Amino acid sequence: MSGLSWLSCYLTTGKHMSFYLSFGTVLMLLAITAPVALAFGFGGAMAARSHFLPVSWIGKTYIAIVRGVPDIAFFLFFVIAFDQAIEWVRHKTLCPDWTDPIRQGNDFVVCDAAKAPLSTAAQWVHEVYGFSLAVFTFAIVFGAFAANVLYGAMRAVPRAQMETAEAYGMTHRQAFWRILVPQMWVYALPGLSNLWMVLIKATPLLFLLGVEDIVYWARELGGSKTAKFTDYPHGDWRMWYFLALLVFYLLFTKVSEVVLERLMVRLSHGQATQAGEKQRKAEA
Amino acid sequence: MSCWITIQDYALRSVGIGERLLPKEDFTLCQQFTLIGSGMIWNVYFGAVALLAGFFLATALALGKNADNRLLRKPAEWFIFIFRGSPLFIQFFFAYFLFLSLKQVSPVFAPFTAAWLGALVTLFFNTAAYSGEIFYGALRSVPKGDLEAADAYGFSGWKKFRKITWPTMLRLAWPAYTNEAIFLFHATTLVFFSGFPAWRQKGDALYYANYFADKTFNPFIPYPILAGYFVLLTLVIVSLYGLVNRRLNRHLPQGVRRKIRLRPNLIR
């Protein structure tokens, strides 16, 4: 076999199928993380706005700490910290009569029943566990950024709108949910779309969290193979695999840009902003 | 072993001076502080050199993107799009394997497969693209009145650019450019996690923090130390850029001066 038929056979091997599936992993991470991070951000922004001082402090500290500390250190730190926190809690509840200390010098020792996931668990459980940790880490970090954006957006809604709500006799809560929340999105969208771009570009860091993602497979498949171990020997092709990833991300960014632009037009409809006014005039 | 000896052994470990072996057991706080601090040398090196070199390319890119000539505009637009549209992490991987392949072709590229040059080049292009976009935005918002006044005074060509357009562009771009600088220093931590090998365990701050976290299973000490160093570094950057900002704004009345708002981004 040679030429195109060789390549088409090569590109459809079982391992390549796993590679293609890992693109799904990345998309799934984005699909899960984005709403969860948005929820975290909403919670954080609401906390930061709270009239009850301690809650407001918690919200503001969350935003400040996560945004101030450098990038991937957070990813590397959180995954171990969460894992140990989960095992520690399980250890305390499941093995109360265990007397040895958990930190023995350089080791972190918990009883067998407290291991997360259990050492007897199936392979997929381990993978799902690792992936969930990653999602949670991403959500916490990006939640802080989203909280900052939403906090700003809530303050950007014109004061007159809230005053009108009060004049109509709405309670604080009603005004928040019926007036502030529907209107804040148009102010939040530029910040959120920026965040979405950053989130897309953060997905390769899954590799550092030990998930078998596209970076893992690109390294694995691209490395030189000798005829002894595979039917498809080739030299060091990692450069081409990473070029493919680069193109994938560029396309993804481009598509996102177009979609977000459309969304912005949709959201501006009927809003008391310059863009909304322009649309109104064009229609009239 | 006292802390002073540790400092003598490991303070320059990341550049290959001092004790060869990294500590293997009984890690002290002093060792962690010293080694992670030693790693910061690389972060500062990558960040400072890439920023300095990137500044000039960024100006060129901004002018290119603003040019009427398609032959100048399109390459600049593509350059900026490619480096801003893809993750730095993937860029590092791609650059490393690209240089590995080029090394087969010509030995000239051998030093590029080492982090000190290869990663630096990648960071240089990357920061040039990001700063180029910032400068381009600023270039487009240079007040019309300033340019008309320059014309009225008989400025043209290079002199107009050097004396009027460029300083105003920098002044407008400076707050965003400060954030870009912070952002770049944070991004330097990616280098040794992306293909580029840490030869003889000469790594950056995150490399050593990760080393300690792996060895002790205790992330709660090395990572906060690393975070502390970066907070300090950020403060230094902010004050240095603040000085430049003061100088760029020195002709303006107090009220209109542009303040730097800290808005560091996370990942590029």
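Reading chain B from its N terminus, the elements run α-α-α-α-α-α-α-α-α. That makes 9 helices and 0 strands for chain B. Keep in mind as you look around that this is a predicted model.

**The two chains**

Chain A brings in some strand: its count is 10 helices and 2 strands. Follow chain A from the N terminus and the order is α-α-α-α-β-β-α-α-α-α-α-α, which puts the two strands after the fourth helix. Here are some overall values for the two chains.

| Property | Chain A | Chain B |
|---|---|---|
| Helices and strands | 10 helices, 2 strands | 9 helices, 0 strands |
| Buried residues | 44% of 284 residues | 52% of 268 residues |
| Contacts joining residues at least 24 apart, among those at least 6 apart in sequence | 69% | 75% |
| Accessible surface | about 15,300 Å² | about 12,900 Å² |
| Carbon and sulfur part of that surface | 65% | 64% |

As for dimensions, the C-alpha trace of chain B spans about 70 × 50 × 25 Å along its principal axes.

**What the record says about chain B**

An unreviewed UniProt entry annotates residues 40-244 of chain B as "domain: ABC transmembrane type-1". In the model, this stretch of chain B is 79% helix and 0% strand, and its end C-alpha atoms are 24 Å apart. The unreviewed entry also carries the annotation "transmembrane region" for residues 44-64, 76-102, 108-130, 181-200 and 220-244 of chain B.

Two of these spans can be set against the model. Residues 44-64 of chain B are 100% helix and 0% strand, with 29 Å between the end C-alpha atoms. For residues 108-130 of chain B, the helix content is 70% and the strand content 0%, while the end C-alpha atoms lie 28 Å apart.

**A pocket with contributions from both chains**

Which elements each supply at least two residues to the lining of the second largest pocket? They are α2 (14-49), α4 (71-94) and α5 (123-156) of chain A, joined by α8 (205-216) of chain B. The pocket has a volume of about 870 Å³, and 35 residues line it. Nearest its centre lie G130(A), F131(A), L209(A), G210(A) and V211(A). Helix α5(A) gives the most to this lining, with 9 residues. By character, the lining residues divide into 20 nonpolar, 9 polar and 6 charged.

**Two buried residues of chain A**

Helix α5 of chain A is also home to V141(A). Is V141(A) buried or exposed? V141(A) counts as buried because its relative accessibility is 0%, and the limit for buried is under 20%. A residue from well back along the chain can be placed relative to it: Y62(A) is 79 residues away in sequence, and the C-alpha atoms of V141(A) and Y62(A) are separated by 9.5 Å.

Our second residue, T203(A), sits in a loop, the one between α7 (172-202) and α8 (214-222) of chain A. With a relative accessible area of 0%, T203(A) is buried too. What is T203(A) in contact with, once its neighbours within four places in sequence are left aside? The partners are V26(A), L29(A), L30(A), F138(A), D213(A) and Y249(A). Among them, V26(A), L29(A) and L30(A) fall within the 14-49 range of α2, and F138(A) falls within the 123-156 range of α5.

How values were computed
Residues are numbered from 1 along each chain as its sequence is written. Chains are lettered from A and ligands numbered from 1 in the order in which they are written. This is a predicted model: local features need pLDDT of at least 70, side-chain atom pairs count only at pLDDT 80 or more; totals for chains, interfaces and linings use all residues. Side-chain values use heavy atoms; hydrogens and water are left out. On a 1 Å grid over the protein atoms alone, a cavity is a set of points where a 1.4 Å probe fits but cannot get out, and a pocket is an open set with protein on both sides within 12 Å along at least five of seven lines; lining residues have an atom within 4 Å of a point. Grid points are joined across faces, edges and corners, and a volume is the space filled by probe spheres set on the points. Helices (H or I, at least four residues) and strands (E, at least two) are DSSP runs, numbered from the N terminus. Ala, Val, Leu, Ile, Met, Phe, Trp, Tyr, Cys and Pro count as nonpolar, Asp, Glu, Lys and Arg as charged, and the others, Gly among them, as polar. Buried means under 20% relative accessible area, exposed over 50%, partly exposed in between (1.4 Å probe, protein chains only). Contact means heavy atoms within 4.5 Å. Accessible areas come from the Shrake-Rupley method with a 1.4 Å probe; for residues, only the protein chains shown count as cover. UniProt positions are given in the numbering used here, feature names are shortened, and annotations may be inferred rather than shown by experiment.
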